[in-house]
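User: I have a two-chain model on the bench screen. I want to know what stands behind the labels people put on it.

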Amino acid sequence: MQQVAEVRALPVSEETFADLLKPLVEPGFKLALAMLHDAQAAEDAVQEASVVAWHKLGRMRDRGRLRPWFLGVVANKCRNARRSKWTAEVHIGVPEHVSVVSSEEMSVRGADLRRAISRLGHDDRLVVALYFYLDMPLEDVAAVVGTSTGAARARLYRAVAKLRRGVAIEEAIR
Amino acid sequence: MSLRTDIHAAFEAITPLTGGLEERVVETARREARVRERRRKFMLRLRAPIALVAVVVLIAIVAAAIVGGRLIQGWYGPHTVSPPHLPSLSELENRPWQHQLVAASESCLDSHYAGPVAAFPETNSESAWGIYSTGRFVLGKGLSGPLMVRVRDARTGITGVFITEHAAGGVVGTDIVDGVSVAQHKEAVFDTSGRPNRIDGVGQKVFVMTMGMKHGFSGCFQWQVDGTLNGKPFGTDSYYSGPPG
């Protein structure tokens, strides 16, 4: 999925690594949270992605592509996490009854939306999280997903249509 | 509200305080990377010894396969026994006489049998030189290669001669026997794998030869047979007492 331009490994000092990684932790965590709906699992995914980044960083030719590449690694970790039985059973999102018993409309709407997002497929959920929650432009979304911008836009259309039938898609995706 | 706003609100509702998350993640990654690096270096150091062990194990397996293959081939394959060493005539000639001469005060043992070889004197002829005795040698089983017969006076040590068929070795003289000129040889040789003069009733090979003793012999002969019996050097001697000549 991720096309990382790799060249001969260059040594990366711990300080350099820390400087490069720190700005990526928060967006990585937000993406993982949107994908997994569980803070601890999200932190674990970011942690695992960081270890991968440590080993691969020296081989990256274009450091400008670090952010989409790192988010792609996080997305893969999330996919693996959701594949595991434990995660599937325990971290599947907000229970159904929340939307029924909650008295606060916002809370109910949020829970419904999270549940709807969690029911999307991995790639659909990924483009939704990147575009709407991390506020990334479609070009960057495409870079993370590893597709063309057009393909990313098409996937986003389909995902939004599944989330909210009748929503003004053109208005949602600008 | 827009979809974007709703999604932000939905996830922010479940986002915990993440104070120190960046430092925590970076530090853990750093620690994990160090552990992996140490493990990688350890494996690199082990690579050479492991390769060496692998080579030794491979050599051992190949050697075991070769040795095992030969053993199995030896067990199940046709048994090839190397042929026994068959002595040359010169080797047989060089074998010493096995027994001392018989003293004049001692009686002459009379034994025609010497292991797998039996001698039977049958007819005699006399010449100006000496007395000739034609007899037959019967060979038992297990003999192979050339079989050499020598004879001498058991009391004086004067060697006898062999004439006509099967006479072999160096010529030591000539004589006229029954009107026929003959060469005198110092030994007789039978080819045990060759064609004998005849086969007896039990399938044993019979060779006929004529030996001669110079006039003045004591009447006590000692003859010695050398050859190969069951693949091993075989030698025996025997005595024959006859009328002194």
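User: What share of the contacts in chain B with a separation of 6 or more comes from residues 24 or more positions apart?

Analyst: The share is 65%. For chain A, the corresponding share is 63%. Keep in mind that this is a predicted model.

User: How do you know which parts of chain B the predictor trusts, and where is confidence lowest and highest?

Analyst: Look at pLDDT, the confidence in each residue, from 0 to 100. Chain B averages 83, and 91% of its residues score at least 70. The lowest mean, 60, falls in strand S1 (residues 113–114) of chain B. Strand S5 (residues 161–163) of chain B has the highest, at 93. For the complex, the predictor gives an ipTM of 0.75 and a pTM of 0.47.

User: What makes up the secondary structure of chain A, and what makes up that of chain B?

Analyst: Chain A has ten helices and zero strands. Chain B has three helices and eleven strands. In chain B the order from the N terminus is α-α-α-β-β-β-β-β-β-β-β-β-β-β.

User: What makes A:Val141 in H8(A) count as buried?

Analyst: The test is 20 or more other C-beta atoms within 10 Å of the residue's own. A:Val141 is listed as buried, so it meets that cut-off. The other buried residues of H8(A) are A:Ala142, A:Ala143, A:Val144 and A:Val145. Just after H8(A), A:Gly146 takes a positive phi of about 85°. Over whole chains, 39% of the 174 residues of chain A count as buried. In chain B it is 26% of 245 residues.

User: How do you know how H7(A) and H8(A) pack, and which residues meet?

Analyst: Two packed helices are described by the angle between their axes and the distance between the axes. Here the angle is about 145°, with the axes 10 Å apart. The crossing is right-handed. From H7(A), A:Asp123, A:Leu126, A:Val127, A:Leu130 and A:Tyr131 take part. They meet A:Leu138, A:Val141, A:Val144 and A:Val145 in H8(A). By class, this contact has eight nonpolar, no polar and one charged residues. Asp counts as charged, so A:Asp123 is the charged residue there.

User: Why is a group of residues called a nonpolar core, and which members touch the most others?

Analyst: Its members must be buried, come from the nonpolar set used for cores, and be joined through C-beta atoms within 7 Å. The largest such core has 57 residues. A:Ala32, A:Ala45, A:Val74 and A:Val127 touch the most other members. H1(A) gives the most to this core, with ten residues. A second, separate core of 33 residues includes B:Leu139, B:Ile163, B:Ala167 and B:Phe190.

User: Which residues does A:Ala45 touch, leaving out those up to four places away in sequence?

Analyst: A:Ala45 touches A:Ala32, A:Leu36, A:Val74, A:Lys77, A:Cys78 and A:Ala81. Lys is outside the set allowed in a core, so A:Lys77 is a contact of A:Ala45 but not a core member.

User: What makes up the contact between the two chains?

Analyst: Chain A gives 30 residues and chain B gives 23 residues. On the side of chain A, helices H1 (14–36), H2 (39–56), H6 (105–118) and H7 (122–133) each supply at least two residues. H1(A) has the largest share, nine residues. The side of chain A divides into 17 nonpolar, six polar and seven charged residues.

Definitions and conventions
Residues are numbered from 1 along each chain as its sequence is written. Chains are lettered from A and ligands numbered from 1 in the order in which they are written. This is a predicted model: local features need pLDDT of at least 70, side-chain atom pairs count only at pLDDT 80 or more; totals for chains, interfaces and linings use all residues. Two residues are in contact if their C-beta atoms, placed from the backbone, lie within 7 Å. Helices (H or I, at least four residues) and strands (E, at least two) are DSSP runs, numbered from the N terminus. A residue is buried if 20 or more other C-beta atoms lie within 10 Å of its own, exposed if 12 or fewer, and partly exposed in between; C-beta atoms are placed from the backbone. Axes are lines fitted to C-alpha atoms, for helices over the stretch in contact, and angles run from 0 to 180 degrees between N-to-C directions. A crossing is left-handed if the near helix is turned anticlockwise from the far one by less than a right angle, and right-handed if clockwise.
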